[in-house]
Amino acid sequence: MDTTKSDQLYEKALQLMPGGVNSPVRAFHSVGRSPLIMKKASGCRIIDEDDNEYIDYVGSWGPLILGHSHPEVVQAICECAQEGTSFGATCSKEIEMAELICDAFPSIEKVRMVNSGTEATMSAIRLARAFTGRNKIIKFEGCYHGHADAFLIKAGSGMLTAGSQLSPGVPSAITGETILCRYNDLESVEEAFRQSGADIAAIIVEPVAGNMGLIPGTREFLVGLRELCNNYGCLLIFDEVITGFRLCYGGVQNITGIVPDLTTLGKIIGGGLPVGAYGGKKEIMDLVAPQGEVYQAGTLSGNPLAMAAGLATLKILRDTDWYDRMEVISYFLTGKIRSLFEARGMYYVIKRLGSMFCVFFTEDEVYDYESAMKCDTQKYARFYREVLQEGIYLPPAQFEVSFVSCAHELEDIYQTVAAIERALDRMK
Ligand code: PMP
């Protein structure tokens, strides 16, 4: 595989951008090769600057559930752009988006659009603090909620990959208000409430964790969190930035029936353009300015292009049976990968939920941060490089999730399986 152009561009990027990238995991550091610089993409295929083509299981880290450049999404963006790219005033698409989100999520009675998942979670905890008059929040080791100060402590995603537990530049006065608990370990949360129950404003949790690899929250764990929040008068925030509209037309809350007070969204609702949202019960959301006094604003919030792309995406998901099809395709793909590992006597854990999956190289069960940390990241790096060589683009870091999209056809899956087989044969 020739990556001369990517390598040259990366050299230049290194002179101009920190680490040569605008977001850390794009640097491919943990998989031991220089990053690919991408040129274009369509459907489930992505092409780099050297014209190498890959079957893409990153999907821009989740938003592209319909695949790249879906014709209806592209058309919606183009038509919208002809009529103005930003008004700095409300447009009808924002209201339509709010209506779709509120219809899909029974727990969301009112919603505020923002520009990223980070803005959504940052604003949600500000609101929870104002609503409860308390300062502390509970977050879980290995969960990632964006890069706002309060969350940069034992966070997942790029921070987990980099092995850092704290970020310089974050005042301890802020992280001092964040209580860390263990994912899928209710006892650790009960202990936190026993010690500081009266000061806790909210629990924020990925109900299916997608930032330490894929680790679903158990039903017992999530039900327990809901009960503890009820008992102690604090808010439960489901961070569904990844899972919103990924597993069903709605979120994990629609599947489990466990209802949070606030929900954060991003990724899919922007159809590949920058977006985020937070919403929940009216009585809580009405504290947000200008109705209430909790200040939160955004020059480009509710941007018409992002709304157009998001609306086109959501309407396709609402009006088709794509979730069922993605379930079948993903089940088939992960089943085949399992067989390849089994046939070679390899140790592995594959986690899958709907169109999300993750391969860990470990002999033990993976259910939280510590067990995820025990897996063999060197082996993942080798696996990653060999599979990439065969034209398969997986997330360039162990602690991330692979996504199947509506654009992955059975033929693409056969090609993927054959490619992985060749890659594994080289790994022997
Ligand atoms: N929450 C979760 C669960 C996420 O996975 C992410 C990003 N991957 C964020 C929040 C932050 O979103 P963004 O990168 O858009 O700021």
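**Exercise 1. Work out how β14 sits in its sheet, starting from the pairing of β13 with β14.**

Step 1. Start with the pair itself: β13 and β14 run antiparallel and are joined by five bridges. Keep in mind that you're looking at a predicted model.

Step 2. Pick out facing residues. V349 sits opposite F360 of β14, and L353 sits opposite M356 of β14.

Step 3. Look at the turn. The hairpin of β13 and β14 has two residues between its strands, and G354 there takes a positive phi near 55°.

Step 4. Now check the other neighbour. β14 also pairs with β16, again in the antiparallel sense, over two bridges. Here F357 has S402 in β16 as its bridge partner.

Step 5. Put the strands in order. You get an open sheet of three strands, β13-β14-β16, with antiparallel pairing. β13 and β16 (402-403) are the edge strands, since each pairs on one side only.

**Exercise 2. Decide whether β14 is enclosed or open to the outside, and sort its side chains by direction.**

Step 1. The cut-off you need: a residue is buried if 20 or more other C-beta atoms lie within 10 Å of its own.

Step 2. Apply it to the strand. Five of the five residues of β14 are buried, so the strand is largely enclosed by the rest of the structure.

Step 3. Sort the directions. M356, C358 and F360 point one way from β14, while F357 and V359 point the other way. Both groups are buried.

**Exercise 3. Find which elements domain 1 uses to touch domain 2.**

Step 1. Get the bounds. The domain assignment splits the chain into domain 1 (4-69 + 321-427) and domain 2 (71-319). Their C-alpha centres lie 25 Å apart.

Step 2. Count each side. Domain 1 puts 30 residues into the contact and domain 2 puts in 37 residues.

Step 3. Name the elements. On the domain 1 side, those giving two or more residues are α12 (322-343), β13 (349-353), β14 (356-360) and α13 (369-373). β14 from the earlier exercises supplies the largest share, four residues.

Step 4. Check the chemistry. That side of domain 1 divides into 20 nonpolar, seven polar and three charged residues.

**Exercise 4. Describe what surrounds the ligand.**

Step 1. Count the shell: 17 residues surround the ligand, and the closest are S116, G117, T118, G146 and V241.

Step 2. Find the top contributor. Helix α4 (residues 117-132) gives the largest share of the shell, three residues.

Step 3. Sort by class. You'll find eleven polar residues, four nonpolar and two charged.

**Exercise 5. Locate K267 and say whether it is buried or exposed.**

Step 1. See what the record says. An unreviewed UniProt entry lists K267 under "modified residue: N6-(pyridoxal phosphate)lysine".

Step 2. Place the residue. K267 is in the loop between β11 (262-266) and β12 (276-280).

Step 3. Count neighbours. K267 has 27 C-beta neighbours inside 10 Å, so it counts as buried.

Step 4. List the contacts. Setting aside neighbours within four places in sequence, K267 is in contact with G62, P63, G117, V241 and I242. G117 and V241 should ring a bell: they're among the residues closest to the ligand.

Definitions and conventions: Residues are numbered from 1 along each chain as its sequence is written. This is a predicted model: local features need pLDDT of at least 70, side-chain atom pairs count only at pLDDT 80 or more; totals for chains, interfaces and linings use all residues. A residue is near a molecule or strand if its C-beta atom, placed from the backbone, lies within 6 Å of it. Ala, Val, Leu, Ile, Met, Phe, Trp, Tyr, Cys and Pro count as nonpolar, Asp, Glu, Lys and Arg as charged, and the others, Gly among them, as polar. Domain bounds come from an automatic or database domain assignment. Two residues are in contact if their C-beta atoms, placed from the backbone, lie within 7 Å. UniProt positions are given in the numbering used here, feature names are shortened, and annotations may be inferred rather than shown by experiment. A residue is buried if 20 or more other C-beta atoms lie within 10 Å of its own, exposed if 12 or fewer, and partly exposed in between; C-beta atoms are placed from the backbone. Two strands pair if DSSP finds at least two bridges between them.
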